[in-house]
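Here is a colleague's note on the structure shown below, written as numbered points for a reader who is new to such models. Please keep the picture at hand while reading.

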Amino acid sequence: MSKKKWLAGAAAVLALGVTGLLYSLSHPPGDRQAAPAAAPAITFPVTREDIVSTVEVKGKSSYQQESYVNAPFGAEVKTWAVKDGAQVAKGDLLFRLDDTLLRNEIAELQTGAKKQELESRLARFRQSAQGTQAKAAGLSEAEAKERFADAESVRITEEIGALTLEHTRAQLAEKMSKLNGAAYYAPEAGIFLFDDTKEPESVKEHERIGRIVDVTKLQLICMVSEFDLFRIQEGLPAEVQVDALKDVKLKGKIERLSKFAKAADSGSSSGTAGTTTAAPFEVVVSLEPHERLIAGLSLTATIETGRKSGVLTVPTLAVQRDKEGPYVMIRGAQGAAERRAVKPGLETPEKTEIMEGVSEGETVVLQ
C-alpha cells in the first residue's frame, strides 16, 4: 500500500471518530424523550352549604288589567273629551257621538210599531164583529165556510202583525240602548290609550277605539318548556330584570300556570327531521309597581324553585348514573378511587345535594 493511500485511510478513520465523539457528547446515554405523565384526577371535597334551584324565563311585560273601549254604533264623533295617555277616572266622559241618524231610525220604528198596534186592534175588532153576526143570523153552509175563512184570515194576519210588532220592539230596545251610549263614559279608572288613529273623526259599530289600563298592575307573560313546568308552581317568588334597564330589578310572583300547551311555532323549528320540540306552556308572573315599568318591555325572570340550607353537596358533574343507580367516586384510604352509591336531592347545574352515601370532608374524584 502506498504512503498516500495509507494517509487517506487514516484521515477517514479520524473523521469518523471525531463525528462519533461529538454525537455522544451531544446525546448522553440517560437522555431519552420522557413519556407524557397521566393527567391527575380532579378532586372536590364534600361540603355542607346552602343550595338554591332556579328556572330562568324571558318574556314581555303587559298590563294586568285592561278595559277596552268600543264604539256603541257607527257615527261621526262630535266631541273628544280625552287625549291619548290621559289619566281618567271612572265615569269621566271620553267622547260623544252624533246620534241624529240613530234618532231618526228610532222615530221610524216607533211609528211603525204604533201602526202595527192599531192594525192588530182593528183585526181583533173585525173578528169579534163577524163572530157576533154569525150567531145572530142563520147562515147557509157556504156562507158559514166563507165567514170561517175570513175569520182565519183575520186571525193569521193578527199573528203576523204580533210577530212583526215584537220584532220592531226588539229593534227599538237595541237602538235605544245604543243611543244611551252616544255619550261614552270611562268604565274604569286608569290611563286611556288610543288603539290606532288618534281622535278619529268617525267610528264604525263595535270598532275598538282604545283601552283604559291600570299602569300600577303589570305582569310578565312568558313561556316555559314541559321540562321546567313541573318545577314551578303558583305563588313561587321571582326576581325580574328589565333587560333595557340594568339597574331596575323587580320582585314578582307566579300568578298563573297554563294547563294546556300552546301551539308550537313552525317558524322556530330546528328543521331537523324527526326531532321533537318540547311543548311550551304559558306562565304569568305578577310584578310590583315601578315608575319606569311599562307594557312591551323585554324582561328576564329568575324563579326560585327550591332552597335548602346546610346540606351536603358535591359538584353535579361528579354524580354519575348507570343501571344500578346514581353514584360518585370517592378517594379511599389508600388513595384509590372507589364507587359509592348515593341518593341525590335538590339539583342545580353546579351543585347537587347528597342525602345519603357520603360524609362531610370526604373527597370526590372526577376521572
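1. Let us begin with Val52, which lies in strand β2; strands here are DSSP runs of E with at least two residues, helices are runs of H or I with at least four residues, and both are numbered from the N terminus. Val52 counts as partly exposed because its relative accessible area is 31%, where buried means under 20% relative accessible area, exposed over 50%, and partly exposed in between, with a 1.4 Å probe and protein chains only. Although Val52 and Glu304 are 252 residues apart in sequence, their C-alpha atoms are 7.2 Å apart in space. When residues up to four places away in sequence are not counted, Val52 touches Glu304, Gly306, Arg307 and Thr348, contact meaning heavy atoms within 4.5 Å.

2. Before going further, please note that this is a predicted model, in which local features need pLDDT of at least 70 and side-chain atom pairs count only at pLDDT 80 or more, while totals for chains, interfaces and linings use all residues. Residues are numbered from 1 along each chain as its sequence is written, and side-chain values use heavy atoms, with hydrogens and water left out.

3. The surroundings of Val52 lead to strand β15. Strands of a sheet pair through backbone hydrogen bonds, either parallel or antiparallel. Strand β2 (residues 47-63) pairs with strand β15 (residues 298-315) in the antiparallel sense over 13 bridges, pairing being accepted if DSSP finds at least two bridges between two strands. Within this pair, Thr54 stands opposite Glu304 in β15. Strand β12 (residues 237-242) also pairs with β15, in the antiparallel sense and over 5 bridges, and there Ala238 has Ile303 in β15 as its bridge partner. A further 3 bridges join β15 to strand β20 (residues 351-356), again in an antiparallel arrangement, with Glu353 in β20 as the bridge partner of Thr313.

4. Which side chains meet in a salt bridge between β20 and β15? They are those of Glu353 and Lys308, with an N to O distance of 3.1 Å; a salt bridge is a side-chain nitrogen of Lys or Arg within 4 Å of a carboxyl oxygen of Asp or Glu. Because Glu353 lies in strand β20 and Lys308 in strand β15, the pair ties together parts that are 45 residues apart in sequence. Glu353 counts as buried at 6% relative accessibility, whereas Lys308, at 33%, counts as partly exposed.

5. The structure holds 19 salt bridges, and two others deserve a look. Side chains of opposite charge can pair when their charged atoms come close. Lys175 forms a salt bridge with Glu105, the closest N and O atoms being 2.9 Å apart; this pair links distant parts of the chain, with Lys175 in helix α3 (residues 141-180) and Glu105 in helix α2 (residues 100-136), 70 residues apart. Glu105 is partly exposed, at 29% relative accessibility. The side chains of Glu205 and Lys178 meet in a salt bridge of 2.5 Å, N to O, and since Glu205 lies in the loop between β9 (202-203) and β10 while Lys178 lies in helix α3, the pair ties together parts that are 27 residues apart in sequence. Glu205 is partly exposed, with a relative accessible area of 36%, but Lys178 is buried, with 14%. Glu174, Lys178 and Glu205 are linked in a network of salt bridges.

6. Is Asp214 buried or exposed? Asp214 is buried, yet has no salt bridge, and Lys217, the nearest side chain of opposite charge, is 4.3 Å away; in this reckoning Lys and Arg count as positive and Asp and Glu as negative, while His and the chain ends are not counted. Asp214 is found in the loop between β10 (208-213) and β11 (218-225). Its side chain makes a polar contact with the side chain of Thr216 at 2.5 Å, such a contact being a pair of N or O atoms within 3.5 Å, where within protein one must be able to donate a hydrogen and the other to accept it, and residues adjacent in sequence count only if both atoms are side-chain atoms. Leaving aside neighbours within four places in sequence, Asp214 is in contact with Tyr63 and Gln65.

7. Finally, consider β10 and its partner β3: the two run antiparallel and are joined by 5 bridges, with Gly210 in β10 as the bridge partner of Val69. Strand β3 (residues 66-70) has a covered face with Ser67 and Val69, and an uncovered face with Glu66, Tyr68 and Asn70.
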